[in-house]
Structure formats: structure tokens, C-alpha cells
Amino acid sequence: MKRFGVSIEDHLLEEVDSLVKKNQLPNRSQAIRFLIRKNLVRDKWEGNKEVSGCIVLVYDHHKRDLLNKSVDIQHKYQNLVLSTQHVHLDHNNCLETITLKGKAKELRDLSDKLIALKGMKHGELVMSTIG
Ligand code: NI
């Protein structure tokens with residue numbers, strides 16, 4: 001770990017402090033690291049680099065058509081899928097977490113296709129990085 005001094009305008013420092021508060025970060029250093037990492041992850045995704053991520057889906061498992069289509073799509077992109085976890089939330093609803101690794105554009109394509117399926121209640125792609 002290295003230390004370095006940063007000159008920053010008052011209003012920007014206030015933004016850093018509100019980020020610390022909002023995200024329950026322990027201090028300003030952690031907030032700066034958080035922003036840098038976020039920026040690095042964004043650049044990797046925009047540059048179609050090798051990334052990792054996670055798709056969260058919520059759907060009604062009685063909708064068999066949706067289920068079949070989701071499985072078909074996931075098989076087509078099986079080279080990206082590291083794992084899937086299925087949790088039965090209640091009588092109707094299932095929550096699925098699909099963990100992925102691969103080129104950013106392909107992860108986005110897979111995510112878009114799944115989230116757009118007719119009857120999908122909620123879907124979100126969490127964009128992360130390999131390290
Ligand atoms: Ni289920």
C-alpha cells in the first residue's frame with residue numbers, strides 16, 4: 001500500500017465525504033479506491049475486455065415457456081456460464097443467479113436476451129471484473 005497527497009476542491013471533497021456516508025465506507029481512502037475500481041471496471045466493459053459478472057433473474061416458475069427459453073439461451077452461451085444458482089423464493093417466484101466470465105459484449109448480449117424474455121419479473125446484470 002502506497003500513500004500519496006491529493007489536492008482537491010472543497011466541493012469535490014464534500015462529494016467524497018457524502019460518498020463515504022452514503023456507502024458506509026470507513027474513510028476517504030476507501031472512497032477513492034472505490035471510485036478508481038469502479039472506473040476501471042467501466043473501462044473494461046466499454047472496451048469489450050475479459051470481465052466477470054452476475055445476472056440476477058426473478059420469474060414465475062409456472063411459466064414453463066419462459067423457463068424453457070431461458071435454459072435454451074443459457075445453453076447457447078454455456079462457454080460464459082460458470083455457475084447458476086436457483087432459489088425458490090415462494091410458491092410462485094424463483095430467483096436465479098448466473099455467474100459469468102468472458103468478453104464484456106457477450107455477457108451483455110446474454111443478459112439482454114434473458115432479461116427481455118416475456119414474463120421476466122426482474123433482471124439485472126452486475127458488472128464486475130476478473131481482478
Ligand atoms: Ni424455483
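## Around Gln 74

Let's begin with one residue and its neighbours. Leaving aside residues up to four places away in sequence, Gln 74 touches Val 81, Thr 84, Glu 96, Ile 98 and Leu 114. Keep in mind as you look around that this is a predicted model.

Gln 74 belongs to helix α3, which covers residues 64–76. Is Gln 74 buried or exposed? Its relative accessibility is 11%, so Gln 74 counts as buried, the cut-off for that being under 20%.

## The nickel site

Next, find the nickel ion. Which protein donors does the nickel ion have? They are His 86 through NE2, His 88 through ND1 and Cys 94 through SG, at 2.0 to 2.3 Å from the ion. Along the sequence, these donor residues follow the spacing H-x1-H-x5-C.

Two of these residues can also be described by their accessibility. His 88 has a relative accessible area of 62% and is therefore exposed, whereas Cys 94, at 2%, counts as buried.

## Two packed helices

Now turn to helix α1, residues 10–22, and helix α2, residues 28–46. Their axes lie 9 Å apart and the helices pack at an angle of about 95°. Angles of 65 to 115 degrees count as roughly perpendicular, so that is how α1 and α2 are oriented to each other.

Which residues meet here? From α1 come Leu 13, Val 16, Asp 17, Leu 19 and Val 20, and from α2 come Arg 28, Ala 31, Phe 34 and Leu 35. Sorted by class, this contact has 7 nonpolar residues, 2 charged ones and no polar ones.

Key: Residues are numbered from 1 along each chain as its sequence is written. This is a predicted model: local features need pLDDT of at least 70, side-chain atom pairs count only at pLDDT 80 or more; totals for chains, interfaces and linings use all residues. Side-chain values use heavy atoms; hydrogens and water are left out. Donors are N, O and S atoms within 2.8 Å of the metal (3.2 Å for Na, K and Ca); water is not among the atoms, so sites may look incomplete. Buried means under 20% relative accessible area, exposed over 50%, partly exposed in between (1.4 Å probe, protein chains only). Axes are lines fitted to C-alpha atoms, for helices over the stretch in contact, and angles run from 0 to 180 degrees between N-to-C directions. Helices (H or I, at least four residues) and strands (E, at least two) are DSSP runs, numbered from the N terminus. Angles under 35 degrees count as roughly parallel, over 145 as roughly antiparallel, 65 to 115 as roughly perpendicular and the rest as oblique. Contact means heavy atoms within 4.5 Å. Ala, Val, Leu, Ile, Met, Phe, Trp, Tyr, Cys and Pro count as nonpolar, Asp, Glu, Lys and Arg as charged, and the others, Gly among them, as polar.
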